[in-house]
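Okay, thanks for squeezing me in. I'll put the structure up and then walk you through a few spots in it.

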Amino acid sequence: PRAARLLLALYEHHHHENKRAASTSIRSTGSADDDDDWPGHRLFLLSEGAGEDGSTISSESYFDTDKYTLGALYCLSINYILGVGCLGIPYAFARAGFVLCGIIISIVTIMSYMTVMWVAECGVRAEKEARVLAAQIPTNLELHSGEREPRYNGTGTDQHGNSSSAETSTEQPSERSSLLQRRAQRSQTFDPSQYEVIDLVLYYLGPFHKSLYQISLLALMYIGLLAYSQVFCGALAEFLPLGKEAGLIRFLPQLVFGAVVVPLSCTELDEQVGIQAAMACVRFLAIFIMVAGSALALFVDNRNDNDSTPPYFAPSMEENCEMSYTACFSGFGVAFSTALFSQLFQHSVPGLVRPLASQPEKVAKVPTVFGASLGTTYTFYMVLGTTAASYFGADTRSSVNLNFANFSYGLDPQTTPAWIMTCCRLASNIVVMFPALDTLSVFPLIANTLGSNLLTSSGPGLQKWIYAKTKAWNKKMGTDTEKAKLTARASKIATIFWRLVAAFPPLIGSVWA
């Protein structure tokens, strides 16, 4: 029922088209529960709450808005989406077939954009509703205090002999008032200036679904962070003399990786703009090399078949589904799971949008940026999958970067100038090292999101303890600090603590994994 209410709130066609009229109705009725007061949800627009003066109600910004531009949002979104999962796309194309895999990726991309916008829309609506309800809790409770649950005698009728059916008008107001009171109570703990998806789950769906989401998120992110640690440390270990007598040097890969990603994990997204933009360029370069290299080989390498003409496509092997240009349903699972993992960033939406909270003109363009980000990755996946799988065919590796180890791009080393072959080897090394370089960007983003979710789910206890200790220390040292500054400092320290909790276990686990 709670999920149904959420979907109804998103999809219901509303009577009021004017946002100003909606806010006026909310203020005049003293309640934010009437879905008719919300404009209808649109995939390419976010609802905006209007204040008394008609200005947009938005969260207080604690970010450097000069650094966090729409371009920065685009780069960060790309880095969240475009991880090492893209390296499995050509393998999915080869096993599931070009047509089937292309359809799957298209559907997953559309669904991903829709769900991303649902999360963003829920955040905007919850932010305003929490502000309204927080200011009007006494009014709301008094308004509905006279509504009582009908008493039933166990015979299907109430004490007056009326039917106890859910459709009766007697029960509907009571259920509605109960929902309002629960939501009003949750609004007291919902912080519009700093919330994550887990807060939205609690606000709309309740504690049980919050716990379910938290367990799923912890499993997804900790396993992902452990995998990223293993990828980088394994790649670096190949260049170190790590034998049985290596001693403490065997911990060097974890120390190097941790020295880079742990400090980044503790910073806010607007403070990572520079390095994330640089890593986005590295991603584009690596994908360009794979696409261009595969396309070049298709027209250069005739595979010792002098009778064929370019492009030289890999032979189809439909019988055992090792290479299909149409559809092979035995590869559906590989294609679907790869596409789903490669377009996943819904859990990071609040953190991406929050730095823009004080800039409504930029918030209005967030749907376009998210659409451009998913459109970019969709294009990369389609082009990379078709070109790489067309050349490598049944030999396509589950991680296509391994196909580029010592790859000559279809050129003959005996007749090709040495400087060209040197450039080819350099390009191949960039592609082979791409997963390791990619983890330097993805790990801090995931740890940042996980730490923020752990902070919000842990409650205010740690922040209150830090606040009390900081206040006592300042009093002992004879310094006087404003309450707002002490609160901000306690929040910052608590945030860093939980981000360290998110970052360190995967690093330590990668030593034995």
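Let's start with one residue: where is the place of Val-400? Val-400 sits in a loop, the one between helix H14 (366-392) and helix H15 (418-432). Before I go on, keep in mind that this is a predicted model.

So, is Val-400 buried or exposed? Buried, because its relative accessible area is 0%, and the cut-off for buried is under 20%. What does Val-400 contact, if you leave aside its neighbours within four places in sequence? The partners are Leu-87, Pro-90, Met-290 and Ala-388. There's also a distance for Val-400 and Gly-385: they're 15 residues apart in sequence, and C-alpha to C-alpha they're 9.6 Å apart in space.

Staying in that loop for a second, Asn-406 is also placed between H14 and H15. Asn-406 is exposed, with a relative accessibility of 78%. Now, its backbone: Asn-406 has a positive phi, about 60°, and it's not a glycine. As background, most residues other than glycine have a negative phi. Cys-321 is another non-glycine with a positive phi, about 55° here. Cys-321 is in the loop between H10 and H11, and it's buried, at 14% relative accessible area.

Okay, zooming out. The protein has 18 helices and zero strands. Of its 513 residues, 46% are buried. And if you take contacts between residues at least 6 apart in sequence, 79% of them join residues at least 24 apart.

Next, the core. The largest nonpolar core has 105 residues, and the members touching the most other members are Leu-352, Phe-370 and Phe-443. Which helix gives the most to this core? That's helix H5, residues 98-144, with 15 residues.

Let me pick out Leu-352. Not counting residues up to four places away in sequence, Leu-352 touches Tyr-68, Leu-73, Leu-76, Ser-77, Tyr-80, Leu-269, Phe-345 and Phe-370. So Phe-370, one of the residues I just listed for the core, is also a direct contact of Leu-352.

Back to H5, which is where Thr-109 lies. Thr-109 is buried, with a relative accessible area of 11%. Leaving aside neighbours within four places, Thr-109 is in contact with Gln-343, Leu-374 and Tyr-378.

Now a helix pair. H10, residues 273-300, and H16, residues 434-458, have axes that come within 10 Å and cross at roughly 145°. The H10 and H16 crossing is left-handed. Who makes the contact? On the H10 side you've got Gln-276, Met-279, Val-282, Arg-283 and Ala-286. On the H16 side it's Phe-434, Leu-437, Asp-438, Ser-441, Val-442 and Leu-445. In terms of character, the H10 and H16 contact residues split into seven nonpolar, two polar and two charged.

Last stop: H11, residues 332-342. Which of its residues are buried? Ala-335, Thr-338, Ala-339 and Ser-342. Looking down the axis of H11, those buried residues fall within an arc of 95°, so they line one face of the helix. The textbook picture is that an α-helix has 3.6 residues a turn, so residues three or four places apart point the same way.

That's my tour. Happy to go back to any of these spots if you want to look again.

Terms used: Residues numbered from 1 in each chain as written. Predicted model: local features only at pLDDT ≥ 70, side-chain atom pairs only at ≥ 80, totals over all residues. Heavy atoms only, no water. Axes fitted to C-alpha atoms, helices over the stretch in contact; angles between N-to-C directions. Helix = DSSP H or I, 4+ residues; strand = E, 2+ residues; numbered from the N terminus. Left-handed = near helix turned anticlockwise from the far one by under 90°. Contact = heavy atoms within 4.5 Å. Nonpolar A, V, L, I, M, F, W, Y, C, P; charged D, E, K, R; others polar. Core = buried A, V, L, I, M, F, W, Y, C linked by side-chain atoms within 4.5 Å. Buried < 20%, exposed > 50% of the residue type's maximum accessible area, 1.4 Å probe, protein only. Arc of directions from axis to C-beta.
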